[in-house]
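Work through the exercises below with the model open. Try each task before reading its solution.

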Amino acid sequence: MDVESLFTNVPVDETIQMTLDRVYGDPTTPYLNIPEHAFHVLLEICTQKAPFSNHRGHMYTQIDGVAMGSPLGVLFANFYMGTVEQRVFEDIHQPRMYVRYIDDTFVSTNSQEEIENLRCAFHNHICLSFTIEHSQNRCLPFLDILVEQKEASVSIRVQTKRTNLGKCMNGTSECPERYKRSTISAYVRRALSHCSSGNDTL
């Protein structure tokens, strides 16, 4: 499941209140030596009252949603989705596998009906839209890996999109040598960390 345009559609007021409830209302959260009102104002200043200008020099503020590139973007999106998940799984049974990275969620269910019920449960709690991609030939891409279901196990390997032309840094370019080495190292590390079988790293 994927949340459509999560960052720009995060309800800022609601997320700020969720944050305040967790920081100041949850006894398991470490003590924060900032008054609640001051923390509330700081969050508003960093989101709803942060000005930006267009190409003509006109100043604007984004009153809802988190601006792309904002340092608080990932934090707000992740906190909002995490809080919504807790509410959803208080109402319905959590699927046998449910893992999320910000707005992308990998779910394993026993039936098509179960995944649709999950999507409906999220729709009942938030106004955002979800898209669902189903596995094809027992394979499903998730972020930059390809998950393949075997008879009694699951294997993963690096996923390369069809639009990827395989081009990277030119070895004869004027770039510093350390950048070229780090490019190769990144490919090797990704293969070793993302592949469940040694054969898939080749």
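## Exercise 1: a buried glycine

Gly-73 counts as buried, because its relative accessibility is 2%; buried means under 20% relative accessible area, exposed over 50%, partly exposed in between (1.4 Å probe, protein chains only). The model is predicted: local features need pLDDT of at least 70, side-chain atom pairs count only at pLDDT 80 or more, and totals for chains, interfaces and linings use all residues. Residues are numbered from 1 along each chain as its sequence is written, and side-chain values use heavy atoms, with hydrogens and water left out.

Task: place Gly-73 in its element and find its contacts beyond four places in sequence.

Solution.
- Step 1. Gly-73 sits in helix 4. Helices are DSSP runs (H or I, at least four residues), strands likewise (E, at least two), numbered from the N terminus.
- Step 2. Leaving aside neighbours within four places in sequence, Gly-73 is in contact with Phe-7 and Val-66. Contact means heavy atoms within 4.5 Å.
- Step 3. Now take Ser-155: it is 82 residues from Gly-73 in sequence and 32 Å away in space, C-alpha to C-alpha.

## Exercise 2: two packed helices

Task: describe how helix 4 and helix 5 pack.

Solution.
- Step 1. Helix 4 covers residues 73-91 and helix 5 residues 112-125; they pack at about 120°, axes 10 Å apart. Axes are lines fitted to C-alpha atoms, for helices over the stretch in contact, and angles run from 0 to 180 degrees between N-to-C directions.
- Step 2. Helix 4 contributes Met-81, Val-84, Glu-85, Arg-87, Val-88, Phe-89 and Asp-91 to the contact; helix 5 contributes Leu-118, Ala-121, Phe-122 and His-125.
- Step 3. Sort the residues of this contact: seven are nonpolar, one polar and three charged. Ala, Val, Leu, Ile, Met, Phe, Trp, Tyr, Cys and Pro count as nonpolar, Asp, Glu, Lys and Arg as charged, and the others, Gly among them, as polar.
- Step 4. Follow Phe-122. Not counting residues up to four places away in sequence, Phe-122 touches Met-1, Met-81, Val-84, Glu-85, Val-88, Tyr-98 and Phe-130.

## Exercise 3: the cores

Task: which residues touch the most other members of the largest nonpolar core?

Solution.
- Step 1. A nonpolar core is a set of buried Ala, Val, Leu, Ile, Met, Phe, Trp, Tyr and Cys residues joined through side-chain atoms within 4.5 Å.
- Step 2. The largest core has 31 residues; Leu-6, Phe-76, Tyr-80, Leu-118 and Phe-122 touch the most other members.
- Step 3. Helix 1 (6-9), helix 2 (12-25), helix 3 (36-47), helix 4 and helix 5 each supply at least two residues of this core. Helix 4 gives the largest share, seven residues.
- Step 4. A second, separate core has five residues, including Phe-106, Leu-140, Phe-142 and Val-147.

## Exercise 4: the sheet

Task: give the strand order and identify the edges.

Solution.
- Step 1. The open sheet has three strands in the order 7-8-9, paired antiparallel. Two strands pair if DSSP finds at least two bridges between them.
- Step 2. Strand 7 and strand 9 (154-158) each have a single partner strand, so one side of each lacks a neighbour in the sheet. The twist averages 25° from one strand to the next.
- Step 3. Strand 7 (residues 139-142) and strand 8 (residues 145-149) are joined by four bridges. Leu-140 has Val-147 as its bridge partner, and Pro-141 has Leu-146.
- Step 4. Two residues lie between the strands of this hairpin, where Leu-143 takes a positive phi near 55°.
- Step 5. Helix 6 lies across strand 8 and strand 9, at about 175° to strand 9.
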